[in-house]
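Here are some notes for your first pass through this fold. Keep the 3D view open as you read.

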Amino acid sequence: ESNVIHRLKTVAAAVAFAGAFSFSAFAQTPMVRGTIEKVDAEQGKLTIRHGKIPNLNMDEMTMVFRAQDPAMLKGVRAGDRVRFSADRVNGQITVTKIEKSR
(Lines give C-alpha, C1' and ligand atoms only; values in the text may rest on other atoms or scores of the structure.)
Protein backbone atom coordinates (compact mmCIF):
# COMPACT_ATOMS: atom_id res chain seq x y z
CA GLU A 1 0.00 0.00 0.00
CA SER A 2 1.51 3.30 -1.00
CA ASN A 3 2.14 6.11 1.44
CA VAL A 4 -0.38 8.34 -0.39
CA ILE A 5 -3.18 5.77 -0.15
CA HIS A 6 -2.43 5.22 3.55
CA ARG A 7 -2.60 8.98 4.17
CA LEU A 8 -5.87 9.27 2.25
CA LYS A 9 -7.41 6.46 4.32
CA THR A 10 -6.23 8.15 7.51
CA VAL A 11 -7.71 11.51 6.44
CA ALA A 12 -11.01 9.82 5.40
CA ALA A 13 -11.25 8.08 8.78
CA ALA A 14 -10.55 11.36 10.61
CA VAL A 15 -13.19 13.22 8.58
CA ALA A 16 -15.77 10.47 9.21
CA PHE A 17 -15.04 10.54 12.95
CA ALA A 18 -15.21 14.33 13.12
CA GLY A 19 -18.49 14.33 11.19
CA ALA A 20 -20.05 11.77 13.54
CA PHE A 21 -18.82 13.67 16.59
CA SER A 22 -20.02 17.06 15.44
CA PHE A 23 -23.44 15.65 14.49
CA SER A 24 -23.94 14.07 17.93
CA ALA A 25 -22.66 17.17 19.69
CA PHE A 26 -25.28 19.35 17.98
CA ALA A 27 -28.12 16.82 17.75
CA GLN A 28 -31.08 17.87 19.82
CA THR A 29 -32.44 15.49 22.41
CA PRO A 30 -36.06 14.53 21.68
CA MET A 31 -38.97 15.90 23.68
CA VAL A 32 -40.81 13.11 25.50
CA ARG A 33 -44.28 13.14 27.06
CA GLY A 34 -44.67 12.38 30.74
CA THR A 35 -46.54 13.06 33.94
CA ILE A 36 -44.89 14.47 37.05
CA GLU A 37 -45.33 12.04 39.96
CA LYS A 38 -43.22 13.92 42.52
CA VAL A 39 -41.10 17.06 42.81
CA ASP A 40 -38.23 16.99 45.33
CA ALA A 41 -36.93 20.56 45.29
CA GLU A 42 -34.58 19.93 48.22
CA GLN A 43 -32.74 17.18 46.28
CA GLY A 44 -33.20 18.84 42.87
CA LYS A 45 -35.07 15.82 41.49
CA LEU A 46 -38.25 14.96 39.59
CA THR A 47 -40.08 11.65 39.45
CA ILE A 48 -41.68 11.32 36.01
CA ARG A 49 -43.85 8.60 34.45
CA HIS A 50 -42.69 8.85 30.85
CA GLY A 51 -42.81 7.40 27.37
CA LYS A 52 -39.82 5.99 25.50
CA ILE A 53 -36.65 8.10 25.57
CA PRO A 54 -34.86 7.09 22.36
CA ASN A 55 -31.53 8.87 22.97
CA LEU A 56 -31.16 7.02 26.30
CA ASN A 57 -32.46 3.70 24.93
CA MET A 58 -35.11 3.77 27.67
CA ASP A 59 -38.58 2.22 27.56
CA GLU A 60 -41.71 3.64 29.19
CA MET A 61 -41.37 3.69 32.97
CA THR A 62 -41.48 5.85 36.08
CA MET A 63 -38.13 7.07 37.33
CA VAL A 64 -36.32 9.79 39.21
CA PHE A 65 -34.36 12.37 37.21
CA ARG A 66 -31.97 15.08 38.35
CA ALA A 67 -33.03 18.57 37.21
CA GLN A 68 -30.25 20.33 35.30
CA ASP A 69 -31.50 23.69 36.59
CA PRO A 70 -33.21 23.75 40.01
CA ALA A 71 -35.39 26.65 38.77
CA MET A 72 -37.25 24.25 36.47
CA LEU A 73 -38.71 22.54 39.57
CA LYS A 74 -40.63 25.70 40.48
CA GLY A 75 -42.75 25.51 37.32
CA VAL A 76 -44.15 22.00 37.79
CA ARG A 77 -45.94 19.94 40.42
CA ALA A 78 -47.26 16.40 40.86
CA GLY A 79 -49.99 15.62 38.33
CA ASP A 80 -48.72 18.01 35.65
CA ARG A 81 -48.46 16.64 32.13
CA VAL A 82 -45.18 17.68 30.59
CA ARG A 83 -42.90 17.39 27.59
CA PHE A 84 -39.24 17.11 28.51
CA SER A 85 -35.84 16.18 27.21
CA ALA A 86 -33.34 14.13 29.18
CA ASP A 87 -29.71 13.19 28.65
CA ARG A 88 -26.69 11.96 30.57
CA VAL A 89 -24.96 14.88 32.28
CA ASN A 90 -21.86 14.03 34.30
CA GLY A 91 -22.97 10.38 34.35
CA GLN A 92 -26.46 11.13 35.72
CA ILE A 93 -29.72 10.99 33.80
CA THR A 94 -30.87 14.59 33.86
CA VAL A 95 -33.87 16.59 32.65
CA THR A 96 -32.34 19.27 30.45
CA LYS A 97 -35.58 20.97 29.36
CA ILE A 98 -39.18 20.78 30.54
CA GLU A 99 -42.47 22.42 29.60
CA LYS A 100 -46.07 21.85 30.59
CA SER A 101 -48.25 20.25 27.94
CA ARG A 102 -51.97 20.37 27.45
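The points below go through the strands and then look at one residue.

1. Start with the status of the model. This is a predicted model.

2. Now the overall sheet. How many strands close into a barrel, and in what order? There are 5 strands, and the order is β1-β2-β3-β5-β4. Their pairing is mixed. On average, neighbouring strands of this sheet are turned by 55° against each other, direction ignored.

3. Look at β1 and β2 next. Strand β1 covers residues 32-40, and strand β2 covers residues 45-50. The two are antiparallel and share 6 bridges. To find the pairing on screen, go to Val39: its bridge partner in β2 is Leu46.

4. Move on to β3, residues 61-67. This strand runs antiparallel to β2, and 6 bridges join the two. Thr47 marks the spot: its bridge partner in β3 is Val64.

5. Then comes the parallel pair. Strand β5 spans residues 92-100 and runs parallel to β3. The two are joined by 2 bridges. Check Ala67, whose bridge partner in β5 is Val95.

6. Finish with Ser85. This residue sits in strand β4, residues 81-89. Is Ser85 buried or exposed? Ser85 counts as buried because its relative accessibility is 4%, and the cut-off for buried is under 20%.

7. Which residues does Ser85 touch, leaving aside its neighbours within four places in sequence? One group of contacts is Thr29, Pro30 and Met31. The others are Thr94, Val95, Thr96 and Lys97. Val95 has come up before, as the bridge partner of Ala67.

Notes
Residues are numbered from 1 along each chain as its sequence is written. This is a predicted model: local features need pLDDT of at least 70, side-chain atom pairs count only at pLDDT 80 or more; totals for chains, interfaces and linings use all residues. Side-chain values use heavy atoms; hydrogens and water are left out. Two strands pair if DSSP finds at least two bridges between them. Helices (H or I, at least four residues) and strands (E, at least two) are DSSP runs, numbered from the N terminus. Axes are lines fitted to C-alpha atoms, for helices over the stretch in contact, and angles run from 0 to 180 degrees between N-to-C directions. Buried means under 20% relative accessible area, exposed over 50%, partly exposed in between (1.4 Å probe, protein chains only). Contact means heavy atoms within 4.5 Å.
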